[in-house]
Each structure stands twice: as structure tokens, then as C-alpha cells.
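Let's take a walk through this model together, starting with the overall fold and then stopping at a few places where the details reward a second look. Have the viewer open and ready to rotate.

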Amino acid sequence: KILTSPLRGVDKQLPKTIATSVRKFCINHTMKLEHNIEAPLLREHDSFLRHHYCEAQHTKYKGYIFNKCRVYLKILTIADMTTSDGSRVLQSIWNGQRQHTNLRQYDWPQQREPSKEEW
């Protein structure tokens with residue numbers, strides 16, 4: 001996807017980070033960013049959290065907070081945060097605690113623990 005224009009109000013709501021700086025640079029220079037990251041679904045009926053979030057049509061700022069919490073917890077899909085049968089959200093996730101063992105062996109970006117207000 002080519003970034004050609006900034007999202008309205010985002011610069012005022014999001015803190016200055018490397019990601020926001022890179023995004024702004026890409027917009028200013030009409031650059032295209034691509035990646036080849038593959039994240040498989042872990043079981044039948046699994047789905048990406050981001051898809052559920054996008055369907056809910058929250059504000060850009062809430063999306064920023066959602067992603068901050070998701071990256072802190074190191075989760076991508078429903079399977080990453082639920083019991084093995086998918087019937088319940090893990091207690092540690094409800095408590096905002098990272099899993100001791102992570103099903104995905106990715107090099108996750110550093111993310112500080114979100115504030116109590118953000119949870």
C-alpha cells in the first residue's frame with residue numbers, strides 16, 4: 001500500500017515514535033513499504049485480533065492503544081490469548097500479563113507496559 005496522505009488528527013494524538021516518524025517520511029516521499037512476514041493461524045477457527053478490532057470501527061487513538069497492549073502481550077491471534085480449546089481468555093491476558101511461554105518465536109518490538117488507564 002502506498003501512503004500518500006496523513007490520517008487526520010493522528011499526529012496530535014499519537015506520541016512521536018520511530019514508527020510515526022517512518023510513516024511521516026513515507027507519506028512525504030510517497031514511498032511504498034512492503035514486508036514478507038508470515039504469521040500463520042495456530043488452529044482451526046483462529047483469527048487475527050486486528051481484523052476483529054477493525055470491524056469494530058474504533059477511533060485511531062483507540063487503535064494505537066489496542067496495538068500497544070497487543071504488542072506488549074505479544075499476541076497476534078485469538079489462539080494466542082485463549083485456552084487450548086479456545087473457550088476462555090487466559091487469566092494472565094485478563095490481568096495484562098505476558099505469557100511465560102509464547103507460541104510465536106518472533107523478535108517482538110520493545111513495548112513498555114501500558115498504563116492502567118490504557119488497559
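How many helices and how many strands are there in the chain? The chain holds 5 helices and 0 strands, so in DSSP terms the pattern along the sequence reads α-α-α-α-α. Please keep in mind that this is a predicted model.

A few totals help to set the scene. Of the 119 residues in the chain, 24% are buried. The accessible surface amounts to about 9600 Å², and carbon and sulfur atoms contribute 53% of that. If you take the contacts with a separation of 6 or more, 63% of them join residues that are 24 or more positions apart.

Let's move to helix α4, which covers residues 60-73. Does its length fit what one would expect, or does it deviate? With 14 residues at 1.5 Å a residue, α4 should span 20 Å, and its end C-alpha atoms are 20 Å apart, which agrees. Within this helix, the buried residues are G63, I65, K68, C69, R70, V71, Y72 and L73. The buried residues of α4 pack against α3 and α5.

Just past the end of α4 comes K74, with a positive phi. That phi is near 60°, and K74 is a residue other than glycine. K74 sits in the loop between α4 and α5, and it is partly exposed because its relative accessibility is 27%. H45 offers another case: this residue is not a glycine, yet its phi is positive, at about 70°. H45 belongs to the loop between α2 and α3, and its relative accessibility of 73% is over 50%, so it counts as exposed.

Now for the rings. How many aromatic pairs does a search of the whole structure find? The search finds 2. In one, the rings of Y61 and Y64 have their centres 6.1 Å apart with the planes at 35°, so this pair is tilted. Both residues lie in helix α4, 3 residues apart, which is about one turn of the helix. An α-helix has 3.6 residues a turn, so residues three or four places apart point the same way. Y61 is partly exposed, with a relative accessible area of 36%, and Y64 is also partly exposed, at 23%.

The other pair is formed by Y72 and W119, and its geometry is edge-to-face: 6.2 Å centre to centre, with 70° between the planes. This pair links distant parts of the chain, since Y72 is in helix α4 while W119 is in the segment after α5, 47 residues apart. Is Y72 buried or exposed? Its relative accessible area is 12%, and because that is under 20%, Y72 is buried. W119, in contrast, is partly exposed at 40% relative accessibility.

Y72 also leads us into the interior. Which residues make up the largest nonpolar core? There are 6 in all: L49, Y72, L73, I75, M81 and I93. Try centring the view on L49, which touches F66, R70, I75, L76, T77, I78 and M81, leaving aside residues up to four places away in sequence.

From there, a short detour takes us to helix α5, where S92 lies. At 18% relative accessibility, S92 counts as buried. Setting aside residues up to four places away in sequence, S92 touches Q97 and Q99.

Our last stop is R43, in the loop between α2 (18-28) and α3 (49-55). Its relative accessibility is 27%, so R43 counts as partly exposed. Which residues does R43 touch, not counting those up to four places away in sequence? They are I78, A79, T82, T83, S84 and G86. The last of these, G86, is 43 residues from R43 along the chain, and the two C-alpha atoms are separated by 9.2 Å.

Zoom in on the side chain of R43 to see its polar contacts. One of its polar atoms lies 3.2 Å from the backbone oxygen of T83. The side chain of R43 also reaches the backbone oxygen of S84, at 3.1 Å.

Terms used
Residues are numbered from 1 along each chain as its sequence is written. This is a predicted model: local features need pLDDT of at least 70, side-chain atom pairs count only at pLDDT 80 or more; totals for chains, interfaces and linings use all residues. Side-chain values use heavy atoms; hydrogens and water are left out. Helices (H or I, at least four residues) and strands (E, at least two) are DSSP runs, numbered from the N terminus. Buried means under 20% relative accessible area, exposed over 50%, partly exposed in between (1.4 Å probe, protein chains only). Contact means heavy atoms within 4.5 Å. A polar contact is a pair of N or O atoms within 3.5 Å; within protein, one must be able to donate a hydrogen and the other to accept it, and residues adjacent in sequence count only if both atoms are side-chain atoms. Rings of Phe, Tyr and Trp (its six-membered ring) pair if their centres lie within 6.5 Å; planes under 30 degrees apart count as stacked, over 60 as edge-to-face and the rest as tilted. The expected span of a helix is 1.5 Å times one less than its number of residues. A nonpolar core is a set of buried Ala, Val, Leu, Ile, Met, Phe, Trp, Tyr and Cys residues joined through side-chain atoms within 4.5 Å. Accessible areas come from the Shrake-Rupley method with a 1.4 Å probe; for residues, only the protein chains shown count as cover.
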